[in-house]
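Me: Got a minute to go through this one with me? I want the symmetry, one helix and the aromatics.
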Number of protein chains: 4
Amino acid sequence: MAPAGEKKNILKRLDAGEVVIGDGGFVFALEKRGYVKAGPWTPEAAAEHPEAVRQLHREFLRAGSNVMQTFTFYASDDKLENRGQTLSFTGRQINEAACDLAREVANEGDALVAGGVSQTPAYLSGKTEEEVKAIFIKQIDVFVQKNVDFLIAEVCRKLKHFLLESADIVGINCHFDPETCVKTVKLMKEGVEKAGLKAHYMSQPLAFHTPDCGCQGFIDLPEFPFGLEPRILTRMDMHKYAREAYNAGIRYIGGCCGFEPYHIRALAEELEAERGCLPAGSEKHGSWGSGLSLHTKPWVRARARRDYWEKLKPASGRPFCPSMSTPDSWGVTKGHADLMQQKEATSKEQLEALFDKASQGH
Amino acid sequence: MAPAGEKKNILKRLDAGEVVIGDGGFVFALEKRGYVKAGPWTPEAAAEHPEAVRQLHREFLRAGSNVMQTFTFYASDDKLENRGQTLSFTGRQINEAACDLAREVANEGDALVAGGVSQTPAYLSGKTEEEVKAIFIKQIDVFVQKNVDFLIAEVCRKLKHFLLESADIVGINCHFDPETCVKTVKLMKEGVEKAGLKAHYMSQPLAFHTPDCGCQGFIDLPEFPFGLEPRILTRMDMHKYAREAYNAGIRYIGGCCGFEPYHIRALAEELEAERGCLPAGSEKHGSWGSGLSLHTKPWVRARARRDYWEKLKPASGRPFCPSMSTPDSWGVTKGHADLMQQKEATSKEQLEALFDKASQGH
Amino acid sequence: MAPAGEKKNILKRLDAGEVVIGDGGFVFALEKRGYVKAGPWTPEAAAEHPEAVRQLHREFLRAGSNVMQTFTFYASDDKLENRGQTLSFTGRQINEAACDLAREVANEGDALVAGGVSQTPAYLSGKTEEEVKAIFIKQIDVFVQKNVDFLIAEVCRKLKHFLLESADIVGINCHFDPETCVKTVKLMKEGVEKAGLKAHYMSQPLAFHTPDCGCQGFIDLPEFPFGLEPRILTRMDMHKYAREAYNAGIRYIGGCCGFEPYHIRALAEELEAERGCLPAGSEKHGSWGSGLSLHTKPWVRARARRDYWEKLKPASGRPFCPSMSTPDSWGVTKGHADLMQQKEATSKEQLEALFDKASQGH
Amino acid sequence: MAPAGEKKNILKRLDAGEVVIGDGGFVFALEKRGYVKAGPWTPEAAAEHPEAVRQLHREFLRAGSNVMQTFTFYASDDKLENRGQTLSFTGRQINEAACDLAREVANEGDALVAGGVSQTPAYLSGKTEEEVKAIFIKQIDVFVQKNVDFLIAEVCRKLKHFLLESADIVGINCHFDPETCVKTVKLMKEGVEKAGLKAHYMSQPLAFHTPDCGCQGFIDLPEFPFGLEPRILTRMDMHKYAREAYNAGIRYIGGCCGFEPYHIRALAEELEAERGCLPAGSEKHGSWGSGLSLHTKPWVRARARRDYWEKLKPASGRPFCPSMSTPDSWGVTKGHADLMQQKEATSKEQLEALFDKASQGH
């Protein structure tokens, strides 16, 4: 195993024209495995259940990921204490444990470690710029100390121009499906080029179809977060995403919430020719259904071909459900009382008020 | 950790009126994690990647499973060598490794180990009764030697009457959705009672909606196996399944293909009152969305209630797809040339013939 | 124009192996044209707006109908005065006008006139057998006097055995889609033949898809009667119905609610070979889309072929709507207070009570 | 009946702030009634079957239409002889008959007569401006002679600026659903106002939902023209359209293909307060389902209320069909060989070439 220092860094890879495959969303994957709580969405599992986090890293590595993102989303002390949450690990402990796990698995292959700089509820609560920055710096301190290979600033919706100038790689993560994200990165690329700047491009979309989203993305969909199953992308959808991202000039292609290891593997398989290799995990997979030639039933063997899967319009098995939803739109933004973070648990009265508000809206 | 010998066995538990929560389908879950090849569907990962199999066992245990099924589906030598497959482990090695893993994790809790007796392609290929029995016995030998707590004979479609008399627990696994399986077990129960017999009942359905299946189940659906995502059951669907199974008199309630740990957790949470406990994994989950009271956005907190999720008709996000499919029906049955198993890989000519046949059928 | 007396009567036609094409549902068609009120559904337009009724008869005749049903559904005095309805025509006047219109148009071609004997609310209100019979006799008196060619007893759900013996033609009308109706007539045929009897068979289904109906049919669907549009059958669906009805041994093939003239024309066109002729209206139509070879746009001309329309799965254009509904099931039957007919309009209090009941049910 | 001369003309009505209700699409309605051939779509029925055309005019008048459009779509000699069509009426005869019918029925009420100036295939065939103008003038001559009240230039996609300046009323007809049309008229209004001009606004959209249309509208949808049924708007959809059109400042609100008389009645009923009257046809209708209070079944009486129908998401009854389609896009435009009009029928070879082209595209 090569020590991190000897690996080619992310910019060298991208400058050389390599395609970098990202990893997927840990929060959603680990929620389904039983280690993350939907609602707070905090990453204490890095310290509490390291074997589960390590296993997921390994699965992404095996699926072809060239980058291990530290599992540090929402790992700031203000978030860890928000709304009555009481955890036995500090933000620092979680950030450190997450860095160690990512590095351990990255070194089992040729992957890099990316420190995930997380958004903080302090911002929406209207804290001062200084307070918000202090929270960011605390997390970044750990990344520096743990010597991560590069940083990713996630889910930042209001980028100032100087940020665009200082970032080496720009792109989009989370909140929307691949189609929307690729379109958006195209617009960013046009903007960057129009401004006479240069950048590399990345996309890390949801693994959920969201044609019905409004501007705030999948959080506003009535199915978020426990009814999103019918929207999950298939591996064929992922082939399409990889190709479209590549064609749009995106060279760092990964995923966010909803991505499972097999989704990442599909990206790597679609770009086999461009990357010159298949991931280790393809030993247990034939691209585009070719592995089905080994099935016992002849009519399933008859599905061992690309055009079958490309043309398939998969049924939902849910005749009483629609194909699109109307997103919630409460119209509350930064600074609104309803968005204020609080240390105490949401009280019963507060919840009742919200339930009433929701009922009136429908 | 209690040694297996001191645990209450499965019949004592059921006789005492306990609800036994099963686990889920390893083949599909590990395919998505990168350790099982779709097509052959064989379980060599038990020997090849034990850490991945162990982790999945742990997740089911944590989700509330009282039984660890050995990961031994299709672990017979005839299947391991079928259609050109060349694996570096023998059937015996895989069966042994699978037993050890199941026992190791079972002993981390109060779970039992069930040996999964698998179907064999020899039967459909028209081998003699003796040959088929010999294959079964080879696998059962390992289970006896490894001292599993009980056996489950999976996916047997033609049960003779003496089998019904000799089995202590009867039920249904795989191929159909929970609704269909519960209905079927009800019919079995009526039949058993009408015959003056007594039994315990179990169900281990798919985690896919299959209202459009024909009599052979989900394998005939055009979406099998790579386009089933829109059919995946939500945790709310699982609550419903657990309640209906319980009301039908089923006391061994588990799952098969498509089940992920969070599906099993939902079964355990629905039956909290009946079982007198919540699973360990519920530490990271609030039943019926209650954990959302910790979300940052007020309109998501407004979803922290049971009636919201019970009424939700989740959209597919796929407006170009239908809600039901027409299953393949090739009408080939046991003994047909197309069903004969072969050691060599399916040849290109054989595949072309199947592709043609499929095209004509549409 | 041949006088009615010289026409071959219905039994002679059927005995000779002819296919008899029926007409469609006047109530629904004239509601959309503005002459029938949804709710009471009474046929006073026969007397009030004879030109509109005559025109619809003519369109059905032109589409291939061999029978003109008198527009006499619900034309009994008890129904005409039900729930506050005040009409300026008596039941007798309406029945007479309807007979005259049907005869006038029938004689413009080779069609027969069928008197439609209607159900009466008196039955559900629990009136005596004598009272119910008296209402029927009043209507039948007009039919006898007006010399209709034969009678059709509509929407009778509880047929006694002697009725089966005395009827020459048995079948099904209204309440369900063609698929369900054809299946039901098959069952009737089996029953009739098993009883050693002989009959001719007819079907007059809805022109709405109702795969989700319960045993009471489309009235219980939440879309009845003002949201049924997405369920309307296409002309291709009608070809399929005609073929399946014919194959099932049905020789009197017509329609009920939802049928428009072009639906009937499609039946006649599908059975062109069996009937030895096309309807007059086919002068303005090419079977199976062949008329599109005259379209200005080449991609529309490319649709001028049968296999295009046979394979088409028409989209709803309604991504926020499901494909199936759950029928109302209030469980009230004959004799229940809620079913009692009343002369006075439904009071506001009565309506409020019903609205409440409906809300609780959902 | 007032002679036309004494009626208030269209501009006086609009200038006075009146809402003018238009009528619906004759071509589609009469195709379903058996008098128009899909493909050529020519209006010879005005001369051939005047009673059918007259009846449809009457139904629209009764439904609330304030304008009778002459049934003169495609009534030019070049179109009447296109692709092998042989009709026994000249363009002039058809135009004259259509004017007479419109005037006759308009005078049965307070309606105006609008001459529908139709597009001509000569334009797409690349004929000279003079030739195209000559065809228009021929038709307009009849309108002048027959003294129609005003003209409507239909389906003109490339309006020059001088046209915008010279037209008194601008708007949109056909090709798209009400939602799209109202949005488009809003954009036109913004443009007109930005240019410092003044106009009245009209919209005559399809009665089909077309959220999936490309820029050429419903003709490119695979369902056009024989599979559009599931897209038909309900009367509730029409209420919504009328309100949105009114709110957008549109005061001439009518319809095009797919509109049946009950659709127009729904527009008139929605705007009862603004217009100060209900149409004659409402005698047979209760707005928003109120007529159902007269139904025999109590659970149908429970639907006699506005909020029930407003909230209803009508099911399609078609679980094997999607909710949206992908439009054809052949990319041929004015001047392309495939668009050339020809007198002779499309030959078998020409059709085969088109069928091949279509197959490759899918």
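Reply: Sure, here is a quick walk through those topics.

Me: Is this experimental or predicted?
Reply: This is a predicted model.

Me: OK, symmetry. What rotation puts chain B on chain A?
Reply: 180 degrees, with 0.0 Å of shift along the axis and an RMSD of 0.0 Å. That is the relation of a two-fold axis. In chain B, the C-alpha nearest that axis belongs to B:Pro230, at 1.8 Å.

Me: Why do you say those copies meet through the same surface?
Reply: Because 100% of the interface residues of chain B are also interface residues in chain A.

Me: And what turn lays chain A on chain C?
Reply: A turn of 179 degrees, again with a shift of 0.0 Å along the axis and an RMSD of 0.0 Å. Here A:Pro322 has the chain A C-alpha nearest the axis, 2.1 Å from it. The same surface serves both copies, as 100% of the contact residues of chain A recur in chain C.

Me: Switching to helix 8 of chain C. How many residues, and what does it reach?
Reply: Residues 129–145 make 17 residues. From first C-alpha to last, the helix reaches 24 Å, close to the 24 Å expected at 1.5 Å a residue.

Me: Which of its residues are buried?
Reply: C:Val132, C:Gln139, C:Val142 and C:Phe143.

Me: What do they pack against?
Reply: Helix 6 (91–106), strand 3 (112–117), helix 7 (121–124) and strand 4 (150–153), in chain C. After helix 8 comes C:Asn147, with a positive phi near 60 degrees.

Me: Aromatics next. How many pairs over all chains?
Reply: The count is 56 aromatic pairs. One of them is A:Phe218 with A:Phe224, edge-to-face, 4.9 Å centre to centre and 75 degrees between the planes.

Me: Are those two buried or exposed?
Reply: A:Phe218 is buried at 2% relative accessible area. A:Phe224 is buried too, at 2%. Ring pairs link both into a cluster with A:Phe28, A:Trp41 and A:Phe208.

Me: What about C:Phe73 and C:Tyr74, why is that pair tilted?
Reply: Their planes are at 40 degrees, with centres 4.3 Å apart, so the pair is tilted. C:Phe73 counts as buried at 18%, and C:Tyr74 is buried at 6%.

Me: What sits over the ring of B:Tyr74?
Reply: The charged end of B:Lys79, 4.0 Å from the ring centre. In chain D, D:Lys79 lies over the face of D:Tyr74, at 4.1 Å from the ring centre.

Me: Last thing, how many disulfides?
Reply: 0 over all chains. As for individual cysteines, A:Cys99 is buried at 3% relative accessible area, while B:Cys277 is partly exposed at 34%.

Methods
Residues are numbered from 1 along each chain as its sequence is written. Chains are lettered from A and ligands numbered from 1 in the order in which they are written. This is a predicted model: local features need pLDDT of at least 70, side-chain atom pairs count only at pLDDT 80 or more; totals for chains, interfaces and linings use all residues. Side-chain values use heavy atoms; hydrogens and water are left out. A disulfide is a pair of cysteine sulfur atoms within 2.5 Å. Buried means under 20% relative accessible area, exposed over 50%, partly exposed in between (1.4 Å probe, protein chains only). Copies are superposed by least squares on the C-alpha atoms of residues with pLDDT of at least 70 in both. Contact means heavy atoms within 4.5 Å. Helices (H or I, at least four residues) and strands (E, at least two) are DSSP runs, numbered from the N terminus. The expected span of a helix is 1.5 Å times one less than its number of residues. Rings of Phe, Tyr and Trp (its six-membered ring) pair if their centres lie within 6.5 Å; planes under 30 degrees apart count as stacked, over 60 as edge-to-face and the rest as tilted. A charge sits over a ring if NZ of Lys or CZ of Arg is within 6 Å of the ring centre and within 35 degrees of the ring normal.
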